[in-house]
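Student: Could you walk me through reading the packing, the cavities and the backbone of a model?
Tutor: Gladly; let us take them one by one.

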Amino acid sequence: MTLEEKIGQMTLYTSGWDVTGPTLNENYKEDLKAGKVGALFNAHTVKYNSDLQRMAVEETRLGIPLLFGYDVIHGHRTIFPLPLAEASSWNLDLIKETARLSAKEAAASGLNWTFNPMVDIARDPRWGRIAEGSGEDTYLGSLIAKAKVEGYQGDDLSDPFTVLACVKHFAAYGASQAGRDYHTVDMSDRVLRETYLPPYKAAIDAGAATVMTSFNELHGVPASGSRYLMTEILREEWRFKGFVVTDYTSINEMVPHGVVANEKEAADLALNAGVDMDMQGGVYNDHLATLVNEGKVSEKQVDEAVRRILEMKWRLGLFKDPYRYLDEKRELQVLFSKELMDHALVSARESIVLLKNEPYNNKKLLPIANDVKSIALIGPLGDNQIDMLGTWHASGDANKVVTVLQGLKEAFPKAKITYTKGADFMGSDKSGFEEATKNARAADLVIMAVGENHQQSGEAASRSGLDLPGVQQELVEAIYQTGKPIVALVMAGRPLTIGWMDENIPAIVNTWHLGTMAGKAIAEVLAGKYNPSGKLTITFPRNVGQIPIYYSMKNTGRPFDADSKYTSKYLDVSNEPLYPFGYGLSYTTFEYGEPKLSKIEIKEHENLTIEVMVKNTGEYEGQEVVQLYVRDLVGSVTRPVKELKGFEKISLKPGESKVVTFTINSDNLKFYTRDMSYRVEPGEFLITIGPNSAEGKTAQFTLK
């Protein structure tokens, strides 16, 4: 290979789309024929990618096949719930299956690389990209990262229904200051290693083939130029063997960051940091050969980067058959298949979180009685296809989406159902209020469908306020004034500040953006055909002034005391969240017994078994996520008030009980001590087992 051909393998460019379908920039086409492109993204459909692959294999000197990448975040054509929504299922098998089916459909469209999973821990819901991750918890986030990598990559990457996973964004992108996208990240190494790095490590340990750099700086250095992240941690500590790709033009962006004077210096910094592939910026193509000739980077470094990239192409089986992902018959069979659509429904149902279900006139509104005579569906998300898909919905087809209105008509065929949009997502137009109010007064039940559209969360969608956008809050209040019973459906890619609704609306269901089968899943939950079992993986604040707020905070030296002014609290709002991490209701009720410990003292390498009896004390069969939290009461450095260390999702019939068993050992109790060694310290530990992070039964043990 010539030096230029090697650098070509390190270059990733985008395809485009116009009204007739996919298209490639003429300059990129010439670069491709010249061997200056090793991978393309945003190129899909078998016919289009076959033409590009043929160009790479038959019209270049070396005939090296292309990689085809795409942001398959929560589905490709069939769209599953947002990652933050699906995390609320606490069902790792379900999440893995979603990744497997996403890979299958994407691969059938000619793709072999997804820019996912996004495993950034995020504790600031102002940050729009919180929708793409699994929430605030390191332990749960790590398990989900592992499940997704295994789902995407399967057991054999040469299987044409698998794709390369790309764990992103390395590292700590979810901690952007003020929740503003692309903003600075600044934290101690202790916080980085304890809270933010473990999910990336879990993905690497699960075999993630590729890693994407983040846009942010860390310790004053943009991630794409950080040798500490890309070499010292990723390759030397974690022994990562795959290749590193930048995020979109992030090498170029090191110039405005202010750590390099120009793009040539940026290329130097990136390669020496350990970045193998340049996404879209063209910086390696423009400057790497010159840097090699000047001796600022070595050709051996280039060779190593190219070897990593070619190895992944080899593992995919592309050298044996460059067209193994390109089969039009398979594409037709897989896209929107029954297997995918059925799973989209299952996943959507399990992602729904029931936030409130209080009696109205002495009777709970949910589930809705089968004999309901009339329903007024009101709000901009009631008969809306595109916004059910949520952010980053890839090539999802809005025409395939089941809306809430369609779902309700199927679930309640005898009821008269009216729909009024009422308000929009932006602006101050209230002209729809009158018709909405009229329909509400004429109905037995009102269902409000309110929240964000798909562009109001996701990348470059940070918000300084988390109230319902536009005049939707005023619409809800206007309908409330009719005195009619109201069920509120809240749809968004993040927690919203819905304190007024929590105080005034008897039933609230958080339905996120659930994808292709959203309306059917929502209607089945409302009708009681499916008992909601979702639990939040992100804390809902009462207002933005509480942010950041998360369950595993520190105690401080002056913990809250209502009777003492000089303790840690606000003058104008409670310290407590609106809804805590792990929270979610059911149509049934569960009773927890006292935790039973196998012993009250253990030594460092011994196991502690904890048992708890959980009973369904209600009238419906239901699922419960039993959660185990641990608090290290005294450490050489301060420890969180509690940390999730285990959970189990169980199903119980009315009156049925089950003993849930957890095991704790010293590996669960390790942390970065005062000298930054990762180990366990002897002492006393408090265990809490319950339905969420704010409730539960406790027990204590000692590690000798």
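**Reading the loops, cores and cavities**

Tutor: Trp-392 is found in the loop between strand 16 and helix 16 (404-411), where helices (H or I, at least four residues) and strands (E, at least two) are DSSP runs numbered from the N terminus. This is a predicted model, in which local features need pLDDT of at least 70 and side-chain atom pairs count only at pLDDT 80 or more, while totals for chains, interfaces and linings use all residues. Residues are numbered from 1 along each chain as its sequence is written, and side-chain values use heavy atoms, with hydrogens and water left out.

Student: What is the sign of phi at Trp-392?
Tutor: Most residues other than glycine have a negative phi, and most peptide bonds are trans. Trp-392 has a positive phi of about 50 degrees, although it is not a glycine. Its relative accessible area is 27%, so Trp-392 is partly exposed (buried means under 20% relative accessible area, exposed over 50%, partly exposed in between, with a 1.4 Å probe and protein chains only).

Student: Is Ala-172 buried or exposed?
Tutor: Ala-172 counts as buried because its relative accessibility is 0%. This alanine has a positive phi too, near 65 degrees, and Ala-172 sits in the loop between strand 7 (166-170) and helix 7 (189-196).

Student: Which peptide bond that ends at Pro-117 or Pro-367 is cis?
Tutor: The bond from Asn-116 to Pro-117 is cis, with omega near 15 degrees, and the bond from Leu-366 to Pro-367 is cis, with omega near -5 degrees. Pro-117 belongs to the loop between strand 6 (113-114) and helix 6, while Pro-367 lies in the loop between strand 15 (363-364) and strand 16 (374-378).

Student: Which residues touch the most other members of the largest nonpolar core?
Tutor: A nonpolar core is a set of buried Ala, Val, Leu, Ile, Met, Phe, Trp, Tyr and Cys residues joined through side-chain atoms within 4.5 Å. Here the largest one has 96 residues, and Ile-447, Val-487 and Leu-526 touch the most other members. At least three residues of this core come from each of domain 1 (69-306) and domain 2 (353-533), with bounds from an automatic or database domain assignment. Apart from this core lies another, of 77 residues, including Tyr-152 and Ala-172.

Student: What does Val-487 touch?
Tutor: Contact means heavy atoms within 4.5 Å. Leaving out residues up to four places away in sequence, the partners of Val-487 include Leu-366, Ile-447 and Leu-526.

Student: How many cavities of 30 Å³ or more does a search of the whole structure find?
Tutor: Rolling a probe the size of a water molecule over the atoms shows where empty space is left. On a 1 Å grid over the protein atoms alone, a cavity is a set of points where a 1.4 Å probe fits but cannot get out, and lining residues have an atom within 4 Å of a point. Grid points are joined across faces, edges and corners, and a volume is the space filled by probe spheres set on the points. The search finds 3 cavities of 30 Å³ or more, and the largest holds about 70 Å³ of space. Its lining has 14 residues, and Tyr-152 is one of those closest to the centre. Helix 5 gives the most to this lining, with 4 residues.

Student: Which strand gives the most to the lining of the second largest cavity?
Tutor: Strand 25 does, with 3 residues. This cavity has about 50 Å³ of space.

Key
On a 1 Å grid over the protein atoms alone, a cavity is a set of points where a 1.4 Å probe fits but cannot get out, and a pocket is an open set with protein on both sides within 12 Å along at least five of seven lines; lining residues have an atom within 4 Å of a point.
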